[in-house]
Amino acid sequence: SRPAEGGTGYARVLSPHRQPYATRDGYLCVLPYTDRHWRRFFELAGRSEVLEDGRFASAAARARHVDELYAVVAEVMPSRAPRGFDGGFKLGIGHR
């Protein structure tokens with residue numbers, strides 16, 4: 001049998017919203033992966049309610065709706081200053 005035909009690529013990487021995000025005074029890359037990372041990001045952004053949305057409540061749901069998820073991040077970031085995230089992420093949160 002033949003393999004299924006369809007698009008190629010990894011949706012998370014191909015999302016037009018996955019890029020350095022403009023902030024109030026610069027740019028910041030945001031690449032959380034785990035539930036803990038996303039929860040902490042939205043806490044620091046003052047948007048904890050985002051993870052209550054069924055599209056973003058679990059890793060599997062976020063994977064299915066990754067473009068919408070990154071669009072929410074893009075909406076949040078312009079009002080934030082990169083320094084406001086420094087204390088929460090400490091540049092190593094993704095490696096714990």
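Rings of Phe, Tyr and Trp, the last by its six-membered ring, count as a pair if their centres lie within 6.5 Å. The model you are looking at is predicted, and a search of the whole structure turns up four aromatic pairs. Let's work through some of them.

**Exercise 1.** Classify the ring pair Trp38 and Phe42 as stacked or edge-to-face, and place it in the fold.

*Solution.* Start with the geometry: the ring centres are 5.8 Å apart and the planes meet at 25°. Planes under 30 degrees apart count as stacked, so Trp38 and Phe42 make a stacked pair. Next, the location: both residues sit in helix α2 (residues 35-44), four residues apart, about one turn of the helix. Finally, the surroundings: Trp38 has 0% relative accessibility and therefore counts as buried. Phe42, with a relative accessible area of 0%, is buried too.

**Exercise 2.** Find out how the rings of Trp38 and Tyr70 are arranged, and which helices they join.

*Solution.* Here the centres lie 6.2 Å apart with the planes at 50°, so this pair is tilted. It links distant parts of the chain, from Trp38 in helix α2 to Tyr70 in helix α4 (residues 66-76), 32 residues apart. Both Trp38 and Tyr70 are buried. Putting the rings together, Trp38, Phe41, Phe42 and Tyr70 form one aromatic cluster.

**Exercise 3.** Work out which residues of α4 are buried and what covers them.

*Solution.* First list the buried residues of α4: Val66, Leu69, Tyr70, Ala71, Val72, Val73 and Val76. Then look at their cover, which includes α1 (11-14), β1 (21-23), α2 and α3 (59-64).

Definitions and conventions: Residues are numbered from 1 along each chain as its sequence is written. This is a predicted model: local features need pLDDT of at least 70, side-chain atom pairs count only at pLDDT 80 or more; totals for chains, interfaces and linings use all residues. Side-chain values use heavy atoms; hydrogens and water are left out. Rings of Phe, Tyr and Trp (its six-membered ring) pair if their centres lie within 6.5 Å; planes under 30 degrees apart count as stacked, over 60 as edge-to-face and the rest as tilted. Helices (H or I, at least four residues) and strands (E, at least two) are DSSP runs, numbered from the N terminus. Buried means under 20% relative accessible area, exposed over 50%, partly exposed in between (1.4 Å probe, protein chains only). Contact means heavy atoms within 4.5 Å.
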